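Here's a quick tour of one model, starting with a helix pair and working outwards. Have the sequence and the 3D view open as you read.

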Amino acid sequence: MAHEQDSSQKPRNQKDFSRTHDDQYGDVFIVSGDDVARDQGASTSQPDDPTVVTLGSVDTVTIGEALEATALSLGDKPVDRKDAAAIQAAENRATGEFKTQPGGLAAAAQAAAATNERTVMEEGKVTIADILTDASEKLPGDKVVTSEDAEAVVGAELKNSPEMKTTPGGVADSMSAGARLNQQL
């Protein structure tokens, strides 16, 4: 596997992301750092070493982390209706509530998609990164991604896609990658 990391220095309370390429799964973003370890009740191998966080001997990816990976991989893409639908499905799965949370990620994504449809200039459009950066902190609840979660998000994205395709590197892809990683455990 090829492996690259963000080399900038970050405060300890921020997540570090590493990008890994796997021949079977393609590009995968792995979240690591002391704050994730603290949140999950685990620890990293060394305090200043941004390694993959383990929970016992298990690496896990949450829905919020999968959404954050989308912000990293596809951040400059303007939000459209299929992105908004996928984000809503992900938020619903993370919180267990099947309604749009006022002020939540899904509400912001839906507003962004509507705004982007009326905006002519590309630089004036709201992007995936605008909505999904720090998604784990913005979600009122979060959980480990399962294959059922990924299927729900893929279905929402496909249902709202005129081409009946998911966006490469988008929300559905990130959720599917997270679920595959979690299933290997």
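## How α2 and α8 cross

In this predicted model, helix α2, covering residues 63-74, packs against helix α8, covering residues 171-183. Their axes sit 8 Å apart, and the angle between them is about 135 degrees. That angle falls short of the over-145 range that would count as roughly antiparallel, so α2 and α8 end up oblique to each other. As for handedness, the α2 and α8 crossing is right-handed.

Who's touching whom? On the α2 side, the residues are I63, A66, L67, A69 and T70. They meet V171, S174 and M175 from α8. Sort the residues of this contact by type and you get 6 nonpolar and 2 polar, with no charged ones.

## A look at D130

Now over to D130, which you'll find in helix α5, residues 128-132. Is D130 buried or exposed? Its relative accessible area is 48%, so D130 counts as partly exposed; the cut-off for exposed is over 50%.

Set aside the neighbours within four places in sequence, and D130 is in contact with K125 and K138. You can also check D130 against A109: these two are 21 residues apart in sequence, and their C-alpha atoms are 9.2 Å apart in space.

## The fold as a whole

Zooming out, the protein has 8 helices and 3 strands. What pattern do they follow along the sequence? It reads β-β-β-α-α-α-α-α-α-α-α, with the strands coming before the helices.

The protein runs to 185 residues, and buried ones make up 44% of them. Take the contacts with a separation of 6 or more: 59% of those link residues 24 or more positions apart.

## How far to trust it

The average pLDDT for the protein is 78, and 69% of the residues score at least 70. Two stretches deserve a careful eye. Over residues 1-15 the pLDDT stays under 50, and the model gives this stretch 30 contacts beyond four places in sequence. Residues 32-57 are also below 50, with 48 contacts in the model beyond near neighbours in sequence.

What to make of those contacts? Where pLDDT is low, the predicted coordinates shouldn't be read in detail.

Notes: Residues numbered from 1 in each chain as written. Predicted model: local features only at pLDDT ≥ 70, side-chain atom pairs only at ≥ 80, totals over all residues. Heavy atoms only, no water. Axes fitted to C-alpha atoms, helices over the stretch in contact; angles between N-to-C directions. Helix = DSSP H or I, 4+ residues; strand = E, 2+ residues; numbered from the N terminus. Parallel < 35°, antiparallel > 145°, perpendicular 65-115°, else oblique. Left-handed = near helix turned anticlockwise from the far one by under 90°. Contact = heavy atoms within 4.5 Å. Nonpolar A, V, L, I, M, F, W, Y, C, P; charged D, E, K, R; others polar. pLDDT = per-residue confidence, 0-100. Buried < 20%, exposed > 50% of the residue type's maximum accessible area, 1.4 Å probe, protein only.
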